[in-house]
Amino acid sequence: MNALLFTCLLVPWLVAASARRFDQESQLIMGSVPGKDLSGYFIDHLKSRRARRALPLADEPDDSPVEAGGDTSDLPTCLLCVCLTGSVYCEEVSPDMTSVPALPKETAYLYARFNKIKKIRAKDFSDIVTLKRIDLTGNLISEIEEGAFSKLTMLEELSLAENSLVKLPMLPAKLISFNANHNHLKTKGVKANAFKKMTKLVNLYLADNEMEAVPHIPDSVRTLHLQNNNITEVNVDTFCKSNDTYYLRPSLNEVRMDGNPVVLSKNPDSFTCMMVLPVGRYR
């Protein structure tokens with residue numbers, strides 16, 4: 001009975017104490033700031049939070065989304081792309097990338113595949129002399145200004161495959177690999193001596209174009225793809241030399257000419273300097 005009486009007396013006291021404590025805490029929230037100063041309190045509170053983050057009001061990041069269908073010309077390259085030390089990856093960028101982005105000056109490797117770049121301007125790479133590889137596969141490039149690659153003395157690999165080119169500009173002399181597969185290149189758009197001074201060229205890909213003749217192929221080339229063009233003739237001077245019966249091409253070990261209207265067997269002396277016969281039509 002005594003225990004029951006003690007409990008009955010204790011419970012009301014605990015309830016009253018809790019109520020008093022709640023009233024005191026509620027006063028700290030609602031009563032400590034008069035109603036007319038409440039908005040000022042929240043403004044000061046917001047300012048103090050900004051100050052604690054050491055981020056001025058004017059420097060707050062803009063989290064608003066980029067509008068669909070916009071372009072990337074005003075956005076920092078490394079916000080749109082992945083920038084690692086010496087490499088920039090801008091593949092399938094959204095919103096659409098319609099021009100070559102401004103690159104960090106130490107860029108050595110650029111991968112800007114499968115975008116909507118339409119033109120390469122002379123100034124796009126003029127300050128990036130460290131470039132060794134450029135891959136622009138799968139864009140909409142139909143024009144390249146003369147001199148666009150003239151300052152790239154270290155460039156070794158260039159891919160312009162799957163674009164809309166009808167002619168080639170002057171290419172860097174030190175290229176090792178050049179790929180222009182799947183364009184609209186005609187013979188008049190590829191100068192006969194376009195590759196003559198490229199003495200380090202190893203891989204040359206010109207398949208799936210509209211070329212009617214084979215351009216001069218440097219002795220250094222090992223792999224040559226010319227399939228699916230409109231080549232109608234191959235003669236003794238195409239790969240060999242009519243005035244030098246001892247001339248040999250030991251490096252050229254893969255030549256694809258399938259998918260062309262030329263019948264390769266019509267000029268059997270055209271391949272005497274080669275270690276392998278071209279792949280193509282012989283009858």
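1. Let's start with a cysteine that is tucked away: Cys 240 is buried, with a relative accessible area of 6%. Keep in mind that this is a predicted model. The bonding partner of Cys 240 is Cys 273, with a sulfur-to-sulfur distance of 2.0 Å. Cys 273 is buried too, at 1% relative accessible area.

2. How is this link twisted? The S-S torsion of Cys 240 and Cys 273 is -85 degrees, which makes the link left-handed. The pair ties together distant parts of the chain, 33 residues apart. Cys 240 sits in the loop between helix H4 (236-239) and strand E11 (254-256), while Cys 273 lies in the segment after E11.

3. A quick reminder on the chemistry: a disulfide is a covalent bond between the sulfur atoms of two cysteines. How many disulfides does the structure hold? There are three.

4. Next, look at Cys 81 and Cys 90, which are joined with their sulfurs 2.0 Å apart. This link is right-handed, with 110 degrees about the S-S bond. Cys 81 is buried at 7% relative accessible area, and Cys 90 is buried at 0%.

5. Then there's the disulfide of Cys 78 and Cys 83, again with 2.0 Å between the sulfur atoms. Why is it left-handed? Because the torsion about the S-S bond is about -95 degrees. Are these cysteines buried or partly exposed? Cys 78 is partly exposed, with 42% relative accessible area, and Cys 83 is partly exposed at 28%.

6. Finally, the wiring: counting bonded cysteines along the chain, the disulfides follow the pattern 1-3, 2-4, 5-6.

Terms used: Residues are numbered from 1 along each chain as its sequence is written. This is a predicted model: local features need pLDDT of at least 70, side-chain atom pairs count only at pLDDT 80 or more; totals for chains, interfaces and linings use all residues. Side-chain values use heavy atoms; hydrogens and water are left out. A disulfide is a pair of cysteine sulfur atoms within 2.5 Å. Buried means under 20% relative accessible area, exposed over 50%, partly exposed in between (1.4 Å probe, protein chains only). Helices (H or I, at least four residues) and strands (E, at least two) are DSSP runs, numbered from the N terminus.
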